[in-house]
Every structure is written in structure tokens, then in C-alpha cells.
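Colleague: Please take me through this model element by element, giving the criteria behind each statement as you go.

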Amino acid sequence: MPEFVTFSRNVFIPVTNICRNRCGYCTFRRDAGHPEARLMKMSEIRSILEKGEKAGCTEALFVFGEYAEEVPEYLLELEKLGYSSTVEYVADLCKLAIEIGLLPHTNAGILTQHELEILKPLNISMGLMLETTAELKAHSESPGKTPSTRIEMIRTAGKLQIPFTTGILVGIGETKADRKRSLSVIADIHREFGHIQEVIIQNFMPKPDTPMADHAPPSKEEMIETVSIARKILPDDVAVQVAPNLIDPYILIKAGASDLGGVSPTTIDWINPEAEWPDVIELQRMTKEIELRERLPIYPQHIKKGWYSSKLSDLIETLTDKNGFKRKQQ
């Protein structure tokens, strides 16, 4: 059992839910023209950031559909805001978050090296779920879910020394051998570049009105086994993360998990909107006798390495204690 378990406090901002991928389990994406399709305006995002900062959040999590610019209607809306790409827009949103006092973390799907270089100085960390190295039916209509493409981006982030989050999605048609292979690929990339902070072991949750609505989720036993395998395969300095709004974290902490990811006191989980975030008091109840420690979206070891830009230095100094975790409020 770990001495303590970590988490971060964030605001979850779904910049757009237009996406070129059509994953068999996703309820996040919308087609252009759908009543729930959105491109969030900066004024709306400013309000969320300010509310989050007042609630003690340190992380602004920016999530958006992959290469929505391939959809002509979306590109028209983006151009009305004065931008030619989502990355260009998100760069300005990151600047806004920093100004308000939150550390940006962007999870955008596939990005090129040039796009990563644009976002790197404005993000304290970034992320991309590998999900699996297997070719699956769930991803048959999702060009961005080609395993080799995702592996290449994770490697590129390593070359650029971007503190990084990745992970696997359990129960979408992959085998146990696939899970081991996926975790081994992540471990090898980290050994080469040293940039992976955490690996999420996320359980698939079937959702109505999706092609995989009747697909069974992984059992608790499968999740315990997968977390245990992850802890054995991954290097010691990579945290195993689980989602406390999707599964009882204590059984997985006993199997090797040591991080509960980002939870939000002010915004919902837009990927799993039916699953409420626990508050910090509830999180501590879930972890029982194990100490709960709040961190930033950059881990202490990467703060010590100085893997962040000068644009973020003042915030890091303000928000961290002497051990690189979140400074306790006076």
C-alpha cells in the first residue's frame, strides 16, 4: 500500500465536442448541426476559470474533439472567433488560464510536433490516452486512434520534454495480452524520455445510444488484475492512476494505484457526465487510512527537473510547497 495517494483539483473545459473520430463507446462527440454541438466562447471559459480559481483549483483541463477543423461548419464558427485552428484558439485560452491563476493541461487528441511546440510553453503538462495497441472494431471509424499514430505523438512529447499523461481503456474488445503490450510500450517510451507522469487505467463504461451500449464493462477483478500488471510493468516513477468517479479506488490502490487524477468541485466529467466527481471529503473517505495529498498537474519530479516554461514559473512558485505538492492554503 502506498504511503499516500495523490489527486489534483481542476476545471474541465470541453472547448468543442466536434470530432473527426467516431469511437464505438463515445457520447462526447457531436456532429456539426446537432443541437448539442458546441464551440465554447472565451467569455464563457473565463467565467469557468474564475469560478475554479476561487474554489481552489490549480488545473485548467482543456479537452476538445480531434481535428474538428476537418468539419467545414466548425471551421466557419472558429473563423468567426478570429482563429484558423483550434490549437491557435486554445493557446489563447491557456494564456487566459495563466492570467487567472490556473495551470493549463491540454488533452487534444493527435497533435503534430509543430502544434505541440506551440502549446508547450503555455501548458504545465499535456496528455493523450494510448487506449490500446490493438486494432479494434471500436476504433474502425476513428483515424486518430491508429495505435502507431498515438505512439508517435507520445514519443514526440517525450522528445520535447513535456510532462505527460497517457493510459489504457480497459474493456473495449482488447485482450489481456493487448493490455500488457500497451503498458510495455508506454514503459519503454518513458525509459527513453522520462516524461510520463502517470498512466490511467480506465474502465470502459457502456453508454446508451452508442454502438457499444450492450457491451459489458470490465469486472472489478479484471480492473484489479490490470492495475496490478501496470504496477509491475511501469517504472517506479510513473504513477498508476484510476478514476474515483468510475470505480471504487480503494480496491485498486491495494493493487498498486497511487493517483486519483483530476477531480473538479465546479465542473462535470464531460466524458462520463453520468458519473459525479467525489468531493475532497468523499475522496478521503474512499482512501480510508491512506493519506490524501493534493498535487499540481505537474508532478514534483518534473518541477525539480525544471520541465516548464518561464511563463509558468511564478504560478509554480505560488502554488507549490517545498516538496513540490500543492501548498496548503493558510
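Colleague: Which residues of α5 are buried?

Modeller: This is a predicted model, in which local features need pLDDT of at least 70 and side-chain atom pairs count only at pLDDT 80 or more, while totals for chains, interfaces and linings use all residues. Residues are numbered from 1 along each chain as its sequence is written, and side-chain values use heavy atoms, with hydrogens and water left out. Helices (H or I, at least four residues) and strands (E, at least two) are DSSP runs numbered from the N terminus. Taking buried as under 20% relative accessible area, exposed as over 50% and partly exposed as in between, with a 1.4 Å probe and protein chains only, the buried residues in α5 are Pro147, Arg150, Met153, Ile154, Thr156, Ala157 and Gly158.

Colleague: What covers the buried residues of α5?

Modeller: I count a contact wherever heavy atoms lie within 4.5 Å. On that basis, the cover over the buried residues of α5 includes α4 (113–119), β5, α6 and β6.

Colleague: How far apart are the end C-alpha atoms of α5?

Modeller: The expected span of a helix is 1.5 Å times one less than its number of residues. For the 13 residues of α5 this gives 18 Å, which agrees with an end-to-end C-alpha distance of 19 Å.

Colleague: Lys145 is in the loop between β4 and α5; is its side buried or exposed?

Modeller: Apart from its neighbours within four places in sequence, Lys145 is in contact with Asn21, Cys23, Tyr25, Glu131, His139 and Arg150, and Arg150 is itself among the buried residues of α5. The relative accessible area of Lys145 is 11%, so this loop residue counts as buried.

Colleague: Within what arc do the buried residues of α7 fall?

Modeller: Helix α7 has 14 residues (220–233), and the 20 Å between its end C-alpha atoms agrees with the 20 Å expected. Its buried residues are Met223, Thr226, Val227, Ile229 and Ala230. With the arc taken over directions from the helix axis to the C-beta atoms, these residues line one face of the helix, because seen down its axis they fall within 160°.

Colleague: Which residues are exposed on the other side of α7?

Modeller: The buried residues of α7 are covered by elements that include β5 (164–170), α6 (176–193), β6 (196–203), β7 (239–241) and α8 (249–253). On the other side of α7, the exposed residues are Glu221 and Lys232.

Colleague: What does Ile201 touch, residues up to four places away in sequence not counted?

Modeller: Ile201 is one of the residues that touch the most other members of the largest nonpolar core, which has 92 residues; such a core is a set of buried Ala, Val, Leu, Ile, Met, Phe, Trp, Tyr and Cys residues joined through side-chain atoms within 4.5 Å. Beyond the excluded neighbours, Ile201 touches Ile168, Val170, Leu183, Met223, Thr226, Val227, Ala230, Val240, Gln241 and Val242.

Colleague: What is the relative accessibility of Gln202?

Modeller: Gln202 is in strand β6, and outside its neighbours within four places in sequence it is in contact with Met129, Ile168, Leu169, Val170, Met223, Leu246 and Asn272. Gln202 counts as buried because its relative accessibility is 18%.

Colleague: Is Met205 buried or partly exposed?

Modeller: Met205 is in the loop between β6 and α7, where it touches Leu246 and Asn272, residues up to four places away in sequence not being counted. Its relative accessibility is 27%, so Met205 counts as partly exposed.

Colleague: Against which elements do the buried residues of α1 pack?

Modeller: In α1, the buried residues are Ile45, Ile48, Leu49 and Gly52, and they fall within an arc of 100° seen down the axis, so they line one face. The face turned away from them carries the exposed residues Ser43, Lys51 and Lys54. The buried residues of α1 pack against β1 (4–16), β2 (59–64) and α3.

Colleague: What is the radius of gyration of the chain?

Modeller: The chain has 11 helices and nine strands. The globule rule, 2.2 Å times the number of residues to the power 0.38, is compared with a radius of gyration taken over C-alpha atoms. For 330 residues the rule gives 20 Å, and the chain is as compact as a globular protein of that length, because its radius of gyration is close to that, at 19 Å.
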